[in-house]
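Shall we read a structure together, feature by feature? Bring your questions, and we will take each one from the general idea to the case at hand.

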2 protein chains.
Amino acid sequence: MSHGGAVPSGGNGPGAGAPRVVIIGGGFGGLAAARALRGSPVAVTLVDRAPDHLFQPLLYQCATGILSEGQITAPLRKVLARHRNVEVVMAEVTGLDAGRREVIARRPLDAGEVRIGYDYLIVAAGVSQSYFGHEEFAPLAPGMKSIADALTIRRRVLGAFEMAETAASAGERQRWLTFALVGAGPTGVELAGQIRELATRTLGGEYRASRPEDTRVLLFDGGDAPLASFGRRLSGVAAASLRDLGVELHMRTRVTGIDRGEIQVRAADGSTRRHEAGVVLWTAGVAAPPVAAALARATGAATDEAGRIAVGDDLTIAGHPEIYVVGDVMSLRQLPGVAEVAMQSGWFAGRQVRRRVAGQRPARRFRYLDLGSAAYISRGRAVLSAGPVALSGFAGWVAWLFIHIAFLTGYRNRAGAILTWWLAFTRDSRRERAFTTGQVGYLADVYDRPPALAEGGAGVRRD
Amino acid sequence: MSHGGAVPSGGNGPGAGAPRVVIIGGGFGGLAAARALRGSPVAVTLVDRAPDHLFQPLLYQCATGILSEGQITAPLRKVLARHRNVEVVMAEVTGLDAGRREVIARRPLDAGEVRIGYDYLIVAAGVSQSYFGHEEFAPLAPGMKSIADALTIRRRVLGAFEMAETAASAGERQRWLTFALVGAGPTGVELAGQIRELATRTLGGEYRASRPEDTRVLLFDGGDAPLASFGRRLSGVAAASLRDLGVELHMRTRVTGIDRGEIQVRAADGSTRRHEAGVVLWTAGVAAPPVAAALARATGAATDEAGRIAVGDDLTIAGHPEIYVVGDVMSLRQLPGVAEVAMQSGWFAGRQVRRRVAGQRPARRFRYLDLGSAAYISRGRAVLSAGPVALSGFAGWVAWLFIHIAFLTGYRNRAGAILTWWLAFTRDSRRERAFTTGQVGYLADVYDRPPALAEGGAGVRRD
């Protein structure tokens, strides 16, 4: 390690003239790419706007009070500490100079510009939530992409039970106990199940005026069934399990409007309906982040309808063999936006660079090996699809447990998750219920204006 | 339990005509008061703006990545679930109608007014951070009173190491690695020790350009020595331990100004000095919360210089035998603002009400039994003072461990803390390093305006 210069040269591990590889993003794709380059004579710079790798498949457990944010994240620097040829830079990539081969980023806090030169670029920037052109829904219906999102959802969900307790009428109380979830993919299904379990198992006995058991969870999706990507049989099992759990399924239904306390939908037959709901959560669509548009502008790369970048079979952009795009932000053969695709494509891109640097011929085509997917529905119930294998119920749940323990980053997170899950499953214990803003203004983000004392509402008397 | 009315009457457990006791605040004092009333034929309403009881003595461990927020909090409803005569209301108390004996509060989210009638009132509202008239310091030097504060400090401290890594010059790098702490009471001393331990033990090997070992921690206090309240001998031991750990003590020094990246101080001899520091943290003073002023206005109660409410020997306000004030917000005989005072005075007030309701004569005078205090300095070192007993070094540390495990609320938090501490002490592991805002704007709260892309700074080149 050299500490001589004021600005690190990226020349740690390999020699100063080593090829420079910049990886944008420290998610599943970026981390796999960095790992694939371990020991290669290149100088890798991994740039991310967050300092942590996030294990996104368990984000819903952070949102519903089972796991802490520290249990589903790992500091990128710690994960990569022994990768001597990798340096981590916390900065947000804002643009690309494809001619000079420089990534342009800004540092946190002082917004100072950082330019990082590359010989190879691996873009693993992920996706953000899409509201299909209805950006006005965002503050009313938070998405589930980041730790901040999960903590917002935690406050909204647990806060709704608090509001129900001091509601002025039975109608208002039921509204606060009604949760509308938009999107019936794995995240939506998992959140729906967890909210019902939270209400019926964890919170029982804690309230005096309201009954958490009265909690309604409405799950909306434009498609025919929840977890459609898992195939007809598992999708049917999931639908039945969700109904057993008390989740109300509204399939073939599109959201047309969201207001405070209300969601408006239109069914496939054209009929419209309003549902009162104290909390609305959104897991329905994805959009490429701004960096994808910047990349497309700089390179002329094509993008799909969600803004994802089109790549060739070898995951490079047309005309730019030095730029790889991997993971969710990559548009290739309708591959699903799952961790497994990100990991395999990130690893592939890293290996390609490794081979090219070593003077070996790179592979011509990325092949995705579908190892399957799994979704947790409730305690003792999960669905898992892996090629010809389709598991559901308890068998699916046990498989889900093993997979998630095996893939969670860091030995300590694995040990912690096992202990925490054991307590959650045997005692309905959810330790992580703290409100991270810790005070009455915690839901003010739903408001156009902060609540003001002078504007007190109807005035509930309690005496 | 009755769920009939739209508005809970507080008549759970006891009969509908039972005396109504309102407790403001769910900290150590309020919780002790509620517990002292267990089984008494009264209807208790505990009002807090947060839904969680916070174990404040361990807040610094949440701020420095050892414990999660869920490990140092317990939902008030869960703690009190079996207290059938207690209901919990999440609302912020904004005023008092002493004539009608009503507490006025506002609900979260819709700012609706709630009025809660009382026959007995126990005020346990705690204190907030005081900047001694320099409110402009607050955004530049966060305090340590809430979970939100701890998470802000976590982001600032860990974020500073990130900024150091991409610093444009050696001077800027050292500035980011310099932490200025104002206030050398237990919280300031514990934070100082933890930041040095974090830098020298946890972060080693993770950075390429900067060296966390170069971290400087400056501790400022107007008094003669750190932990002055522990007595001369322990205070001296603490000072020596802190110096061993690499903390630079600046005693008899007052802060005169704080700017971005800088703190200005004046020593006892009148000399002034500027210190560059990337992060400034404030644990120096306390001020009564707004509810104390509202209470004083409504009752004519006297307040001390920090706004705390003066009480008589039986902890009631002069002329209002139905209003008790306990814990940090109580001004009585110079009692220190520690958890033990809050617990004992809260318990006393609860017992007084209990006796009066039962027709028994209440005690005339609250007597505080000083069980001692303890402060953690570094792994294997703590100081503990308990009457004639003064422990330091390893013996103090073992005593510290047992006391904190014994008093932590909830069996699960105790079990989790033991495991977490074991890993932290044996492997320097700090699991809770996640940034709860999760992105580049995480430190924008220091700014008057959010960082804008177009305003990029000096422009650090990295190629």
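The dialogue below goes through the folds, cores and aromatic pairs of this predicted model.

Q: Where should I begin with chain A, and how many helices and strands does chain A have?
A: A good start is the inventory: chain A has eleven helices and 26 strands. Buried residues account for 59% of its 463 residues. Next, look at how the contacts spread along the sequence. Among contacts in chain A between residues at least 6 apart in sequence, 64% join residues at least 24 apart. The chain exposes about 17300 Å², and 50% of that comes from carbon and sulfur atoms.

Q: How do I read an open sheet, and which strands of chain A stand at its edges?
A: Strands of a sheet pair through backbone hydrogen bonds, either parallel or antiparallel. Here, six strands of chain A give an open sheet with mixed pairing, in the order β5-β2-β1-β9-β21-β20. At its edges stand β5 (86–90) and β20 (316–317) of chain A; each has a single partner strand, so one side of each lacks a neighbour in the sheet. To follow one pairing, take β2(A) and β5(A), which run parallel and are joined by five bridges. There you can find A:Asp48 opposite A:Met90 in β5(A).

Q: What handedness does the β-α-β unit of β11(A), helix α6 and β12(A) have?
A: Start with the strands. β11 (residues 178–182) of chain A runs parallel to β12(A), with five bridges between them, and A:Ala180 stands opposite A:Leu218 in β12(A). With helix α6 (residues 186–202) of chain A, these two strands make a right-handed β-α-β unit. The chain then crosses from β12(A) through helix α7 (residues 232–245) of chain A to β13(A), and this crossover is right-handed. β12(A) and β13 (residues 247–250) of chain A pair in the parallel sense over four bridges, with A:Phe220 opposite A:His250 in β13(A). As for cover, four of the five residues of β12 (residues 216–220) of chain A are buried.

Q: Helices next: is α1 of chain A enclosed or open?
A: An α-helix has 3.6 residues a turn, so residues three or four places apart point the same way. In helix α1 (residues 28–36) of chain A, eight of the nine residues are buried, so the helix is largely enclosed by the rest of the structure. Among the buried ones are A:Phe28, A:Leu31 and A:Ala36. The partners that the buried residues of α1(A) pack against include β1 (20–24), β2 (43–48) and α9 (339–357) of chain A.

Q: Which residues touch the most other members of the largest nonpolar core?
A: That core has 69 residues, and those touching the most other members include A:Leu58, A:Ile72, A:Trp400 and A:Trp421. Helix α4 (residues 147–165) of chain A gives the largest share, ten residues. A second, separate core holds 68 residues, including B:Leu198 and B:Phe425. Back in the largest core, the residues A:Leu58 touches include A:Leu67, A:His404 and A:Leu408, leaving aside residues up to four places away in sequence.

Q: Finally, how is an aromatic pair described?
A: A pair of aromatic rings is described by the distance of the centres and the angle of the planes. Over all chains, the count comes to 20 aromatic pairs. One of them, B:Tyr131 with B:Trp282, is tilted, at 4.9 Å centre to centre and 35 degrees between the planes. B:Tyr131 lies in the loop between β10 (128–130) and α4 (147–165) of chain B and B:Trp282 in strand β17 (residues 279–282) of chain B, so the pair ties together parts 151 residues apart in sequence. Both B:Tyr131 and B:Trp282 are buried. In chain A, A:Tyr131, A:Phe132, A:Phe137 and A:Trp282 form one aromatic cluster.

Definitions and conventions. Residues numbered from 1 in each chain as written. Chains lettered and ligands numbered in written order. Predicted model: local features only at pLDDT ≥ 70, side-chain atom pairs only at ≥ 80, totals over all residues. Heavy atoms only, no water. Phe/Tyr/Trp six-rings, centres within 6.5 Å; stacked < 30°, edge-to-face > 60°. Buried < 20%, exposed > 50% of the residue type's maximum accessible area, 1.4 Å probe, protein only. Contact = heavy atoms within 4.5 Å. Areas by Shrake-Rupley, 256 points an atom, 1.4 Å probe, with all protein chains shown as cover. Pairing = 2+ DSSP bridges. Right-handed = clockwise from strand over helix to strand, strands pointing away. Core = buried A, V, L, I, M, F, W, Y, C linked by side-chain atoms within 4.5 Å.
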